[in-house]
Amino acid sequence: MVENLGDFRRDKYCGEISLEDVGREVRICGWVHRVRNHGGVIFIDLRDREGIVQVVVEEAKDPEVYEKADSIRPEWVIGVRGEVRRRPEGTENPKLKTGYVEVRAKEIRVFNTSEVPPFPVDEETHVSEETKLRYRYIDLRRESMKENLMFRHRFYQITRRFFEEEGFVEIETPFLTRSTPEGARDFIVPSRLHPGKFYALPQSPQLFKQILMIAGFDRYFQIARCFRDEDLRADRQPEFTQIDFEMSFVREEDVMEVAEKLVVRLFKDLLDIDLSRPFDRITYEEAVSRYGTDKPDRRFGLELVDLTDLFKESEFNVFRSAVASGGVVKAINLKGRNPSRKDIDDLTVFVRGLGAKGLAWIKLDQGKVTSPITKFLSQAEIEGVLRKMSAEEGDLILFSAGSWQEVHRILGALRTHLAEKYDLVNGSGWDVLWVVDFPLMEWDEEEGRFVSLHHPFTAPKEGDEEKLREALKVEDLEERKRIVHSVRARAYDLVINGEEVGGGSIRIHRRDIQDLVFRLLNISEEEAQEKFGFLLEALKFGAPPHGGFAFGLDRMVALMRGLDSIRDVIAFPKTQKGICMLTSAPDRVTPDQLREVHIKVVE
RNA sequence: GGAGCCGUAGUUCAGCCUGGUCAGAACGCCGGCCUGUCAAGCCGGAGGUCGCGGGUUCAAAUCCCGUCGGCUCCGCCA
């Protein structure tokens with residue numbers, strides 16, 4: 001039944017057969033997509049990487065081939081030798097690329113049979129993520145998944161060509177490296193040769209690319225795998241891919257220009273979309289105060305409006321005390337939707353889920369102001385709100401009061417939630433922008449110290465170094481916070497449609513500045529030496545001014561393909577618990593393996 | 001670490017609130033018929049640990065508790 005390949009040589013992909021092949025004999029190989037048996041004539045849709053072509057077998061003309069074809073089932077792997085012919089008039093299928101032709105089978109070879117697949121290889125059937133990942137090889141046979149990976153392939157090739165043209169050198173950096181204390185949790189790898197010692201998988205090639213600059217490579221890039229042992233999301237996998245690059249003797253603009261040119265190239269070549277350069281830039285401060293997030297989606301309005309001044313003296317305690325303790329009162333206006341009480345209650349549930357105590361609101365309904373809070377507000381305050389919010393009939397104004405961070409976090413999340421719920425994002429537009437002027441550090445309440453917003457190697461704005469020295473001299477913590485928070489970083493994030501697709505910075509190339517930053521981050525001399533000693537040392541041996549950038553490749557590809565989850569652009573992704581459904585990794589290893597790497601598992 | 005949704009035939013899902021003709025549909029699969037279909041059509045058939053464990057009850061897919069898994073989100077993470 002099952003035959004060897006033998007002398008059968010494919011000379012064309014199924015999906016590539018066209019009118020030009022009419023009259024020619026072809027050999028094609030592939031998977032049986034569908035069989036339509038009409039009794040006397042059998043149609044087999046044969047599928048390979050490039051597409052589907054219809055194979056026809058007629059009992060009257062080819063009785064032996066017919067008998068064989070009669071037993072063939074979906075997902076069998078077969079080879080067909082046959083003549084390409086134009087389909088009879090009226091039987092063309094314009095839905096197929098090959099729909100004007102068909103292959104009359106003169107010979108069929110069954111290379112392999114298949115069990116009935118756990119789910120059909122089509123676009124119509126919705127299959128659970130669990131099943132799809134367990135049988136990933138079948139899922140990947142589906143047209144859309146195949147397209148996703150082919151798109152990703154072209155993405156790589158364009159990227160490589162681009163960097164080559166721009167004079168960048170592709171260099172690989174190690175996977176087995178050392179643990180870094182800042183940032184995400186590391187995946188660690190035990191060492192057989194060094195009992196009790198561990199490698200770590202890199203969170204990014206950050207330090208290596210800086211060292212490559214010190215080594216003089218000047219312009220480096222890599223399509224690099226990165227590993228972070230943190231909880232997963234639709235846009236986060238434990239291993240993911242970055243387009244990483246670094247340049248010497250450059251300022252922010254130089255790095256951003258390269259990043260922009262790559263994005264423009266990718267959109268043009270892959271989607272035939274013209275993005276205009278330079279991309280918009282907004283400051284971190286502006287992004288957060290207008291949109292409540294450092295990765296704003298500007299395809300819809302719902303901007304945050306500051307009402308702090310209005311409520312300084314308010315009788316409404318919630319607002320007044322927020323202002324009194326240095327916080328803010330802000331609001332967004334959901335225009336003209338006239339939401340029901342139930343809708344508003346749902347929004348309250350939503351913000352509670354984000355940690356808000358409640359949701360104050362004012363609604364304009366049939367010329368009247370409806371609200372649970374107006375009884376605490378003066379007429380002047382109500383009028384002030386309505387004026388500042390440009391409130392009209394059917395509008396709903398939603399408030400948040402509290403610390404600057406808290407208010408923006410909640411209203412920012414509420415803003416995107418509303419946009420989704422009320423379908424405010426209009427169509428296919430692309431909102432591409434840079435967010436710049438990030439603070440260098442922020443105070444982390446939990447850790448009781450400053451932490452880097454990007455990473456500890458990000459340079460402060462030229463001229464701001466002095467502030468760092470000053471901050472170290474100040475004893476008073478609040479005063480020190482004030483000074484440190486005023487220091488801007490030479491960092492830049494690229495945001496597309498509200499998703500952070502990449503980020504980078506100009507790095508610190510001077511040992512004295514790096515020391516200063518470590519001191520402010522409360523990283524001791526000893527710790528810095530132990531963890532980054534190799535970088536600190538390298539900085540002493542002629543480190544050029546340098547900076548770079550890294551794109552989240554998976555996110556970019558998913559975004560460009562209009563997909564919500566990066567799992568769909570990764571051949572073998574993990575589940576939310578970090579499990580590979582295909583291989584069942586992670587799994588136990590044998591006691592021998594553990595002994596070899598000097599590990600004892602504590603239950 | 002936390003919240004929500006989901007888990008029933010190979011697949012997708014209904015049934016669950018209100019416990020008792022609740023083991024159901026569609027697709028797929030198997031068999032038959034059928035010479036131009038293309039998600040072929042028509043006729044017939046097989047197929048279930050209702051995720052798992054415990055509890056309540058005369059009786060549990062259905063109610064309760066626990067647990068495992070998938071997804072989404074918060075925390076976490078550039």
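**From a paired strand to the RNA surface**

Strand 13 (residues 328–334) and strand 16 run antiparallel, joined by seven bridges. This is a predicted model. Strand 16 also has strand 14 (residues 360–365) as an antiparallel partner, through four bridges. One residue of strand 16 shows both pairings. Leu 398 is the bridge partner of Ile 332, and Trp 361 stands opposite Leu 398 as well. How enclosed is strand 16 (residues 396–402) by the rest of the structure? Six of its seven residues are buried, so strand 16 is largely enclosed.

Next to Leu 398 in the numbering comes Phe 399, with a relative accessible area of 2%; Phe 399 is therefore buried, as the cut-off is under 20%. The loop between strand 12 and helix 8 holds Phe 311. Phe 311 has a relative accessible area of 0% and is buried.

Now turn to the aromatic rings. The count comes to 24 aromatic pairs. In one of them, Phe 8 and Phe 111 meet edge-to-face, at 5.7 Å centre to centre and with 70 degrees between the planes. This pair links distant parts of the chain: Phe 8 sits in the segment before strand 1, Phe 111 in strand 5 (residues 101–112), and their positions lie 103 residues apart in sequence. Phe 8 and Phe 111 are both buried. Phe 311 and Phe 399 also form an edge-to-face pair, with 6.5 Å centre to centre and 80 degrees between the planes. Phe 311 belongs to the loop between strand 12 and helix 8, and Phe 399 to strand 16, so the pair ties together parts 88 residues apart in sequence. Ring pairs also build a cluster, which includes Phe 162, Phe 221, Trp 434, Tyr 492 and Phe 551.

Stay with the loop for Thr 308, which lies between strand 12 (305–306) and helix 8 (317–324). Thr 308 is buried, at a relative accessible area of 10%. What does its side chain make a polar contact with? The partner is the side chain of Asp 306, at 2.5 Å. Beyond its neighbours within four places in sequence, Thr 308 is in contact with Val 323, Gly 327, Val 328 and Val 329.

Helix 5 (residues 206–214) is another enclosed element. Seven of its nine residues are buried, so helix 5 is largely enclosed by the rest of the structure. Among the buried ones are Leu 207, Lys 209, Leu 212 and Ile 214. Against what do the buried residues of helix 5 pack? They pack against strand 9 (219–227), strand 10 (239–248), helix 15 (525–539) and strand 22 (546–552). Just after helix 5, Gly 216 takes a positive phi of about 95 degrees.

Last comes RNA strand B. It is surrounded by 50 residues, and the closest are Arg 36, Arg 87, Thr 91, Glu 102 and His 126. The surface near the RNA divides into twelve nonpolar, 15 polar and 23 charged residues. Strand 1 (25–37), strand 2 (41–48), strand 3 (51–58) and helix 2 (129–134) each supply at least two residues of that surface. On the RNA side, 54% of the atoms within 4 Å of the protein belong to sugar or phosphate, and the rest to bases.

Three approaches can be picked out by RNA part. For phosphate, an oxygen is 3.4 Å from an N or O atom in the side chain of Lys 95. A sugar or linking oxygen is 2.9 Å from an N or O atom in the Arg 228 side chain. For the bases, a nitrogen is 2.7 Å from a polar backbone atom of Leu 453.

Conventions:
Residues are numbered from 1 along each chain as its sequence is written. Chains are lettered from A and ligands numbered from 1 in the order in which they are written. Side-chain values use heavy atoms; hydrogens and water are left out. A residue is near a molecule or strand if one of its heavy atoms lies within 4 Å of it. A polar contact is a pair of N or O atoms within 3.5 Å; within protein, one must be able to donate a hydrogen and the other to accept it, and residues adjacent in sequence count only if both atoms are side-chain atoms. Ala, Val, Leu, Ile, Met, Phe, Trp, Tyr, Cys and Pro count as nonpolar, Asp, Glu, Lys and Arg as charged, and the others, Gly among them, as polar. Buried means under 20% relative accessible area, exposed over 50%, partly exposed in between (1.4 Å probe, protein chains only). Contact means heavy atoms within 4.5 Å. Two strands pair if DSSP finds at least two bridges between them. Rings of Phe, Tyr and Trp (its six-membered ring) pair if their centres lie within 6.5 Å; planes under 30 degrees apart count as stacked, over 60 as edge-to-face and the rest as tilted.
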